[in-house]
Amino acid sequence: MKVKLRLGDSWLYIPLIAMAIFYLLPMYVIIITGFKGFEEIDLKTMWDLPKGIAFDNYIEAFSKLSPSLWNSFAMVIPASLISSALGSLNGYVLAKWKFRGADAIFPFILFGMFIPYQSIMIPLVQFMRGAGISGLPGLALAHVIYGIPITTLTFRNYYASLPQELLEAAKMDGADMLGVYRLILLPISLPSFVVVLIWQFTSAWNDFLFAVILTGNKDWPITVALNNMAGSQIISWNVQMAGSLLAALPTLLVYIFLGRYFLRGLLAGSLKG
Amino acid sequence: MNKKLFALLSILVIASMSLAACGGGAATEAPVAAPAATEAPAAAEASVASMGGAVEVFSWWTGGGEAAGLEAMQGVFAAANPDIEFINAAVAGGAGTNARAVLATRLQAGDPPDSWQGHAGQELIGTYVAGGQIEPLNDLYEAEGWLAVMPETLIPLISQDGNIFSVPVNIHRANVLWYNPAVLEANGVEVPASMEEWFAAMDTLKAAGVIPLALGEQWTKLHLFETVLLGTLGADAYNGLWDGSTDWGSPEVKTALENYAKVLTYANSDSASLSWQDAAQLVVNGDAAFNVMGDWAEGYFRELGKAPKTDYGWAATPGSNGVFQFLSDSFVLAVGAPDPEAATAWLTIAGSKEGQEAFNPIKGSICARTDCDKALFGEYLQSAMDDWSSNVVVGSLTHGVVANDSWKTEIDTALGLFLANNAVDGFQSALVAACASSGPCK
Amino acid sequence: MLRDKDRFLNILLISPSILAVFIFVYVFIGWSVRVSLSKWKGLNPDYTWNGIQNYLELFADPRFHVDIRNTLIFTGVFVFGSIFLGFILAVMLDQGLKGEGFFRSLFLFPMAISYIVTGVVWRWLMNPATGSRTSGLNLLFTNLGLDSLVNAWHTTPTWGIAAIALAAIWQMSGYTMVLYLAGLRAIPQELKEAAQIDGASRLQIYRYIMIPLLSPVTLSALIILGHMSLKVFDLIIAIAGKQLPLDVPAIYMWQITFDGLFYGKGAAIGILLLISVAVLIIPYIRHTLKTEAQQ
């Protein structure tokens, strides 16, 4: 149900393009630096184009990152799907099926977002060892659990804004709790799922702290490999920038893919139906 | 609703429903364990001992010459111990910041690697020996005859109560003044040997519109601070700061702090936004005349394609001629190492002539052993080898030799406050307090 | 009224999350509180009772005062900037322009890139050098004749942290945009059309219909951005290293815990952060829940 472009809106491209330039400036520096040689990196010439187009940095970065790529996917996909699903169910219950004490449960869960992860590294590692969960499953578990507050928040606030009549109609038709969820809420939650999946995928993909303490060198995800491209003393920013762009590509593809589901009118459609 | 949309929805519904089902059992791990199980093979435990065992070596050597050097040493190890698997558990992060946090967490959780990297000196002794986490290595030193080939001055710094606790692999020098020969010549400035000469030289340069001193972010200022302390106080009084025999509240220390405050006035205004690399680059580019940095800067200059003596020159920092302020990376044996024999085999290689000769030329440092082949090294490193064997040796503060971690952190915090408020008296009293709370002063 | 079956089902659905959060958040916080009340200094755990000594030391610590000031400035600039920019972008993209997908992905892309390099790029961009060494954005401004915009960025005394917030806005405003865009897309078109028929201008529609309806999204955005600004760490380290003028509690906590091995004091910083969050957030959530209940 695409809204027709009104001619009068064309002026919007002016601010949009201006914003695009703001967003692209740092990106431009990252991209051109990725093509530069080590001796070309200099603050004075940061805006200058590289002397030649050579893919050496990208090839070097890829060879260092590729062994970790699969580890990242194996951990990020279940972590983001599961925490999104949990968040959706929690949000549904907390917004629409409140039980006694539900209003206390919401802040209880939400508070978990603010925990400074650096300060709980030790009990986290001890717990995982005690429970016998190691490597990628442990890392995925950590991302699921520490993702629950933010996914619950997003879904609860979204569901809370939906009119109660929407549910009542389905209940009249005899749908039970899960039925209402499946038939009514799930279809119109798609934009929220997109929002939450973008968050979870990005934060799990880019996480370094949990990854480095919960996994060993055989199952390090890509961020650890990316960090490790830098030495402790001399850092080759050209290779580092090339590597960061490569490491960000899967996330960008997820954005582009999920972005297609920002459809307008899903809610309107279900209201009519 | 199109097909893809429907597929996505179905996946989510299935995931949600299975979760709802699991909920009854209250098994928090179940949701993850299920999908993860199929992907787990890649995550199979790495440290399971194979026939010849395995050694997990933890370091922060992940990039550039350090990683290449470690790889070369690993090659030597593999040739001597073909049955032992070498697990390189290197984690990056500015001078090992991340690595040390990960290591501390692993040690507290009772999961030590077999061997790990640490700066020789109080960083090791104050942290890991005090924590009972590493084994003495006297037997290994005797069996390998290392006492005869390592500098005498080094051994007390890596020992406690007669026990030697680590195997130093390399030596870096901290008190190096890098300069641009062309800039000095164009302004008629000689390489300064004392603080007074340095100030005079920098006055001339400043008047000529050259940045006298290139400086970077805060840790490079701590590095500069330790060289000014050394240059003002001299080696004996400098050493006394760390064993309690020099009073941090003394007028001499105050002079050093005033010198430091004065040195800072010659620095570039944008120091807070430069890394050490950016700052060092200002010198070889001719924007600045001097830079004080450890001798890993030489490896950086060479990677930039610069030539020694023409594009950059070096000297001991003003007032520290004949003194070698060192730092060293060394490896330890964990208490409760999963495979102590394999770990000992690794340490044997780390301390061997062959291992150090493989590592150091690539890393851009000199051997901790004194019998390495000079021909393997470049011009600067050869001069450093000469100094290492002939100079008075003192330790670096910034790089973990002379002060334990707690003390160093307190000094760094005091320095941060000083950089913000420029109050020499407040700085000095904070340093006195730091020595009392975490150092030997009572 | 809830039917019996559903009455238990809802608790059943949410209980795994509650249990997981209880263990991974509250039990761990409990441990952290205990550490903050101990004398633990050094590598080995030491739970010797120390009362609130660590907290008292922090309150008296000038470095901690700088941290609080910086956190307040950073949070203010970052949260307001991201919400404002994100909302404007979302409204612009909601008009159904051609190329929406391109702009949306472009604005979101910074979020995908690791802090280690975005931090460094911003450090280069915000280089404050003057004269012949002018570079980064200052050079760009000079060449465009916008000399009045040239500034010292994050090396500005006191307000330097706001420049770091600018980099954070660049990285996170795309996500705020996505949050709002999803919210805007969920508002029934009929509401808008009805208002248009009543003669409301587009500005009025946003002012009186859209913004109030989006208040739950704004709440989500506030909380998400707020939690990021309290924890900001990697970005500052990448831009400026560890230095006092740009210090924040998360950096102090990291440094004092893992560099300095003062575990007790480090835990106390973490707990103070949590308490301040509780003080700020809980009344707000209670208010929101009450307002919702009244509707």
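1. Let me start with a single pairing in chain B: B:Val57 has B:Asn88 as its bridge partner in E2(B). Keep in mind that this is a predicted model. Zooming out from that pair, strand E1 (residues 54–58) and strand E2 (residues 85–88) of chain B run parallel and are joined by four bridges. To get from E1(B) to E2(B), the chain goes through helix H3 (residues 64–80) of chain B, and the resulting β-α-β crossover is right-handed.

2. Next, the open sheet in chain B. Four strands make it up, in the order E9-E10-E8-E11, and the pairing is mixed. Which strands stand at the edges? Those are E9 (211–214) and E11 (313–316) of chain B; each has a single partner strand, so one side of each has no neighbour in the sheet. On average, neighbouring strands here are turned by 25° against each other, ignoring direction.

3. Within that sheet, have a look at how E8 and E10 of chain B go together. Strand E8 (residues 176–179) and strand E10 (residues 288–292) run antiparallel, with three bridges between them. For a concrete pair to click on, B:Tyr179 has B:Phe290 as its bridge partner in E10(B).

4. There's a helix on this sheet too. Helix H12 (residues 276–284) of chain B lies across E8, E9 and E10 of chain B, and its direction is at about 140° to E10(B).

5. Over to chain A and its helix packing. Helix H2 (residues 56–96) packs against helix H8 (residues 190–206) of chain A at an angle of about 145°, and the axes are 9 Å apart. H2(A) passes H8(A) in a right-handed crossing. On the H2(A) side the contact includes A:Leu69, A:Phe73, A:Met75 and A:Val76, along with serines such as A:Ser80, A:Ser84 and A:Ser88; from H8(A), the contributors include A:Phe193, A:Phe201 and A:Trp205. By class, the contact residues come out as 13 nonpolar, six polar and no charged.

6. The other helix pair to check is H6 (residues 165–172) and H7 (residues 177–188) of chain A, whose axes come within 9 Å and cross at roughly 150°. That angle makes H6(A) roughly antiparallel to H7(A). The crossing of H6(A) and H7(A) is right-handed.

7. What makes the contact between H6(A) and H7(A)? H6(A) brings A:Leu166, A:Leu167, A:Ala170 and A:Lys171, while H7(A) brings A:Val180, A:Ile184, A:Leu185 and A:Ile188. The split for this contact is seven nonpolar, no polar and one charged.

Key
Residues numbered from 1 in each chain as written. Chains lettered and ligands numbered in written order. Predicted model: local features only at pLDDT ≥ 70, side-chain atom pairs only at ≥ 80, totals over all residues. Heavy atoms only, no water. Pairing = 2+ DSSP bridges. Helix = DSSP H or I, 4+ residues; strand = E, 2+ residues; numbered from the N terminus. Axes fitted to C-alpha atoms, helices over the stretch in contact; angles between N-to-C directions. Contact = heavy atoms within 4.5 Å. Right-handed = clockwise from strand over helix to strand, strands pointing away. Left-handed = near helix turned anticlockwise from the far one by under 90°. Nonpolar A, V, L, I, M, F, W, Y, C, P; charged D, E, K, R; others polar. Parallel < 35°, antiparallel > 145°, perpendicular 65-115°, else oblique.
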